[in-house]
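Okay, thanks for coming, everyone. I'd like to spend a few minutes on how the helices in this one pack, and then on what sits inside. Have a look at the screen first.

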Amino acid sequence: MNGNIEVVNENLWCVNQHYVHAGYIKELTLLPGTSLDKEIYLTNQGILVLNTAAPAYEVTRKMLLRVMGHTDEQLEYARQKMQKVETPDAYVKMYLNVLEWEIKRRCVKAEYIASQPKQTLLDKFKNKVKKFLERR
C-alpha cells in the first residue's frame with residue numbers, strides 16, 4: 001500500500017487529496033472536475049477517504065471514529081435528533097454531516113458486498129484441494 005495513505009481501519013482511509021491530484025497515489029483517482037477542498041470521498045467499495053489537507057480534518061476524523069462504532073439504530077436516532085435542532089450551530093451541522101456520511105457508507109458497502117459473487121460449496125472444495133496439493 002502507498003505510504004501516503006493512512007489506513008485508519010478497513011472503512012476509513014486518510015490521504016492528502018493534493019497528492020492524489022498530482023498522481024503520487026495511484027491507488028486512488030479523483031473524478032475530473034473534483035475540487036481538492038472536499039473533506040471526504042466515498043469509494044464504490046464503501047470506504048470513506050478523508051482529506052488530510054481539509055481545515056477540519058482532525059475534528060472530522062475524531063467524529064467519524066466515534067460514529068463508526070455506533071449501531072444502525074443509534075445512527076438513525078442521532079440523525080433524527082440533530083435534524084430537529086431549530087438553530088444548529090457549526091458543530092451540530094458537522095455532526096449531522098458525519099452521521100449521514102457513515103449511514104451512506106454502510107449502504108454502499110452493503111451493496112458492494114451483495115454484488116460480489118458467492119462461493120459455492122464446490123468452489124470451496126476445489127480451493128481446499130488446491131491448497132492441499134500446493135503444500136506437497
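So, H2 crosses H4 with a right-handed turn. Keep in mind that this is a predicted model. The two helices here are H2, residues 57–68, and H4, residues 90–115, and their axes lie 10 Å apart at an angle of about 50 degrees. That makes H2 oblique to H4.

Who's doing the touching? On the H2 side you've got Val59, Thr60, Met63, Leu64, Val67 and Met68. They meet a run of H4 residues, including Tyr91, Met94, Tyr95, Val98, Leu99 and Trp101, and also Glu102, Arg105 and Arg106. By type, that H2–H4 contact comes out as eleven nonpolar residues, one polar and three charged.

Okay, next pair: H3 and H4. Their axes come within 10 Å and cross at roughly 145 degrees, and this crossing is left-handed. From H3, the contact uses Asp72, Leu75, Glu76, Ala78, Arg79, Met82 and Gln83. Among their partners in H4 are Val92, Tyr95, Leu96, Leu99 and Ile103. The tally for H3 with H4 is eight nonpolar, one polar and six charged.

Now for the inside. Which residues of the largest nonpolar core touch the most other members? Out of 20 residues, those are Leu50, Leu64, Tyr95 and Leu99. Strands E2 and E4 each supply at least two residues of this core, and so do H2, H3 and H4. The most comes from H4, which gives seven.

Let me stay with Leu50 for a second. Leaving aside residues up to four places away in sequence, Leu50 touches Leu12, Trp13, Cys14 and Val15, then Glu39 and Ile40, and also Tyr57, Thr60, Arg61 and Leu64. There's a second, separate core too, with eight residues, and Val15, Tyr41, Ile47 and Val49 are among them.

Last stop is Ile25. Where is it? Ile25 is in the loop between helix H1 and strand E3. Buried or exposed, then? Ile25 has 1% relative accessibility, so it counts as buried. Once you skip residues up to four places away in sequence, Ile25 touches Asn2, Asn4, Ile5, Val15, Asn16, Tyr19 and Val20. Take Ile5 from that list: Ile25 and Ile5 are 20 residues apart in sequence, and their C-alpha atoms are 8.0 Å apart in space.

That's my lot, so over to you for questions.

Methods: Residues numbered from 1 in each chain as written. Predicted model: local features only at pLDDT ≥ 70, side-chain atom pairs only at ≥ 80, totals over all residues. Heavy atoms only, no water. Axes fitted to C-alpha atoms, helices over the stretch in contact; angles between N-to-C directions. Helix = DSSP H or I, 4+ residues; strand = E, 2+ residues; numbered from the N terminus. Parallel < 35°, antiparallel > 145°, perpendicular 65-115°, else oblique. Left-handed = near helix turned anticlockwise from the far one by under 90°. Contact = heavy atoms within 4.5 Å. Nonpolar A, V, L, I, M, F, W, Y, C, P; charged D, E, K, R; others polar. Buried < 20%, exposed > 50% of the residue type's maximum accessible area, 1.4 Å probe, protein only. Core = buried A, V, L, I, M, F, W, Y, C linked by side-chain atoms within 4.5 Å.
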